[in-house]
Amino acid sequence: MEGWVDASGLDFSPDKDKHFVIYAKGDSMLPIIHDGDLCVFEWYTGGSREGEIVLTQSCDYDPDYDGKYTIKRYHSEKLISEDSWQHSKVQLLPLNPAYHAIDLSSDNPLAFRTIGVLKAVL
């Protein structure tokens, strides 16, 4: 933690208990997020993430993305039956076409964890 960031003037009221700010690293989310941008996230507490830009933690270091955290657009496809559903495919998608999608394996559902959902780029 480095300190406080002025996030006033947004289309929502920042709440220190619900929101946090990080520095983005890299250019996989261009043109929306640039290297060094301050990004406001809301802590993820559950619910659909489809189409949202999320901050995700990996249990392993990823040399392609230089860390254990990544910011990507969440995409999932589901198989739905009468009384249940399950993910058939889950991906973290970069916006920059120079990068590849991260396929989240159903073999190890704890390998990735959604930390937050993007609210604003300062």
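**View 1. Leu-55 of β3 faces Gly-116 across the pairing with β7.** This close-up, like the others here, comes from a predicted model. Leu-55 stands opposite Gly-116 in β7, and the two strands, β3 and β7 (residues 112–121), run antiparallel with 5 bridges between them. Look to β4 and you'll find another partner for Leu-55: Ile-71 is its bridge partner there. That pairing, between β3 (residues 53–62) and β4 (residues 67–80), is antiparallel too and takes in 6 bridges.

**View 2. Thr-114 in β7 reaches Arg-49 through a side-chain polar contact.** Staying with β7, here's Thr-114. The side chains of Thr-114 and Arg-49 are joined by a polar contact of 2.9 Å. Is Thr-114 buried or exposed? Its relative accessibility is 11%, so Thr-114 counts as buried. Skip the neighbours within four places in sequence, and Thr-114 is in contact with Tyr-44, Arg-49, Val-54, Leu-55 and Thr-56. Leu-55, from the previous view, turns up again in that list.

**View 3. Ser-58 sits in β3 with its side chain by the backbone oxygen of Asp-60.** A polar atom of the Ser-58 side chain lies 2.9 Å from that Asp-60 oxygen. Ser-58 has 12% relative accessibility, under the 20% limit, so Ser-58 goes down as buried. Leaving out residues up to four places away in sequence, Ser-58 touches Lys-68, Ala-111 and Phe-112.

**View 4. Lys-72 is a buried lysine in β4.** What does the side chain of Lys-72 make a polar contact with? The partner is the side chain of Ser-28, at 2.9 Å. Lys-72 has a relative accessible area of 1%, so this lysine is classed as buried. For a sense of scale, pick out Pro-97: this proline is 25 residues from Lys-72 along the chain, and the C-alpha atoms of the pair are separated by 12 Å.

**View 5. Val-5, Val-21 and Leu-122 make a nonpolar surface patch.** Now for the outside of the model. The patch made by these three residues covers about 190 Å². Val-5 belongs to the segment before β1 (19–23). With 36% relative accessibility, Val-5 falls between the buried and exposed limits of 20% and 50%, so Val-5 counts as partly exposed.

Definitions and conventions:
Residues are numbered from 1 along each chain as its sequence is written. This is a predicted model: local features need pLDDT of at least 70, side-chain atom pairs count only at pLDDT 80 or more; totals for chains, interfaces and linings use all residues. Side-chain values use heavy atoms; hydrogens and water are left out. Patches are made of residues with over 30% relative accessible area and no salt bridge: like charges are joined within 9 Å, nonpolar side chains (Val, Leu, Ile, Met, Phe, Trp, Tyr) within 5 Å. Accessible areas come from the Shrake-Rupley method with a 1.4 Å probe; for residues, only the protein chains shown count as cover. A salt bridge is a side-chain nitrogen of Lys or Arg within 4 Å of a carboxyl oxygen of Asp or Glu. Helices (H or I, at least four residues) and strands (E, at least two) are DSSP runs, numbered from the N terminus. Buried means under 20% relative accessible area, exposed over 50%, partly exposed in between (1.4 Å probe, protein chains only). Two strands pair if DSSP finds at least two bridges between them. A polar contact is a pair of N or O atoms within 3.5 Å; within protein, one must be able to donate a hydrogen and the other to accept it, and residues adjacent in sequence count only if both atoms are side-chain atoms. Contact means heavy atoms within 4.5 Å.
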